[in-house]
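Opening the notebook on this one. I want the overall picture before going into packing and rings.

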Amino acid sequence: MANFLTSSIGKKFIQSVSGAFLVLFLLLHGTINFFSVMDSFYGRFGKVAADNMPYSHGDGWFQLGCDFMSSPFIKIMVPILALGFVIHIVYGIWLSYENIKKRGGLKRYEVASKAKNDSWSAKNMAVLGILILGLLGFHLTHFWAKMQLQEFMGGEAENPYYLLIATFRNPWVVACYIVWFIALFLHLEHGFWSMFQTIGWNNKKWLKRLKVIGILVAAIIVLLFVATALNAYVEANYVTASSQYTQALLVIF
């Protein structure tokens with residue numbers, strides 16, 4: 001078992017499994033975030049019941065989604081997902097280092113080889129991963145630190161609608177997030193079919209299909225996040241810009 005985990009195939013397998021968990025988490029997370037867009041369309045944006053209880057009838061859909069993310073099952077899953085993310089990063093760096101070493105250094109990409117047929121995403125998965133990781137820290141300070149971490153420390157999570165408006169009312173912050181989402185798309189669209197290739201689905205017929213599916217899955221995830229960011233920007237600067245709701249937000253944040 002130890003030999004398998006340290007072998008090239010074993011490390012790629014672990015990278016694939018940890019990546020699969022992250023894809024599922026991103027789909028769930030992106031869907032719940034998109035509830036805020038649906039709230040805007042149906043006039044429920046910012047609706048939080050006065051009783052401050054989970055799953056209240058007066059809550060907007062995004063608040064209900066955040067209540068679900070605070071459920072005991074999700075709280076158990078978060079450390080597991082975090083561990084999977086750390087493993088994905090560590091093994092990604094390790095694999096990138098070994099690939100570079102085997103090729104004789106970074107300049108070997110200039111030599112004609114099989115790598116010239118790879119996509120830009122395939123050649124720069126490590127760079128994309130570093131960019132995603134860097135902006136992830138930026139994201140955690142905006143949401144996780146003020147919601148899940150607060151609850152973990154025994155406090156009360158911030159109003160999720162407030163956090164959306166506080167974060168995305170600044171166009172520069174929106175631009176940074178969109179750059180992050182683009183990097184995420186490029187990383188996912190290659191990583192999706194690559195993880196299936198690692199476990200043996202590498203015949204020509206299925207590989208072509210998986211590449212198309214990978215693009216679709218990555219596009220769906222990224223579009224969910226982009227829609228959330230742009231909708232929050234519009235809510236903060238145009239829809240609720242003159243309301244007491246937004247004025248209270250500006251005082252708090």
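How much area does the protein chain expose, and what share of it do carbon and sulfur atoms supply? I get about 14,900 Å² exposed for the protein chain, with 70% supplied by carbon and sulfur atoms. Note to self: this is a predicted model.

**Entry: overall make-up**

I looked up the elements next. The protein chain has 11 helices and 0 strands, so from the N terminus on my sketch is just α-α-α-α-α-α-α-α-α-α-α. Of the 253 residues in the chain, 37% are buried. I also checked the contacts with a separation of 6 or more: residues 24 or more positions apart account for 71% of them.

**Entry: α3 against α8**

I picked one helix pair to look at. Two packed helices are described by the angle between their axes and the distance between the axes, and I wrote down both. Helix α3 covers residues 61-69 and helix α8 covers residues 160-168; they pack at about 110°, with the axes 9 Å apart. The range for roughly perpendicular is 65 to 115 degrees, so α3 and α8 are roughly perpendicular to each other.

Which residues make the contact? From α3 I list W61, F62, Q63 and C66; from α8 I list P160, Y161 and L164. By class, the contact of α3 with α8 has 6 nonpolar residues, 1 polar and no charged.

**Entry: aromatic rings**

I searched the whole structure for aromatic pairs and have 10. I went through two of them.

F181 with F225: the ring centres are 5.7 Å apart and the planes sit at 20°. Planes under 30 degrees apart count as stacked, so I file this pair as stacked. Where do the partners sit in the chain? F181 is in helix α9 (residues 171-198) and F225 in helix α10 (residues 204-239), 44 residues apart, and the pair links distant parts of the chain.

Are these two buried or exposed? F181 has 4% relative accessibility and F225 has a relative accessible area of 8%. Buried means under 20%, so F181 is buried and F225 is buried as well.

Y233 with Y238: I have 6.2 Å centre to centre and 70° between the planes, an edge-to-face pair. Y238 has a relative accessible area of 57% and is therefore exposed.

Last lookup: ring pairs link F143, F168, Y177, W180, F181 and F225 into a cluster. The stacked F181 and F225 pair from above has both its residues in that cluster.

Definitions and conventions. Residues are numbered from 1 along each chain as its sequence is written. This is a predicted model: local features need pLDDT of at least 70, side-chain atom pairs count only at pLDDT 80 or more; totals for chains, interfaces and linings use all residues. Side-chain values use heavy atoms; hydrogens and water are left out. Axes are lines fitted to C-alpha atoms, for helices over the stretch in contact, and angles run from 0 to 180 degrees between N-to-C directions. Helices (H or I, at least four residues) and strands (E, at least two) are DSSP runs, numbered from the N terminus. Angles under 35 degrees count as roughly parallel, over 145 as roughly antiparallel, 65 to 115 as roughly perpendicular and the rest as oblique. Contact means heavy atoms within 4.5 Å. Ala, Val, Leu, Ile, Met, Phe, Trp, Tyr, Cys and Pro count as nonpolar, Asp, Glu, Lys and Arg as charged, and the others, Gly among them, as polar. Buried means under 20% relative accessible area, exposed over 50%, partly exposed in between (1.4 Å probe, protein chains only). Accessible areas come from the Shrake-Rupley method with a 1.4 Å probe; for residues, only the protein chains shown count as cover. Rings of Phe, Tyr and Trp (its six-membered ring) pair if their centres lie within 6.5 Å; planes under 30 degrees apart count as stacked, over 60 as edge-to-face and the rest as tilted.
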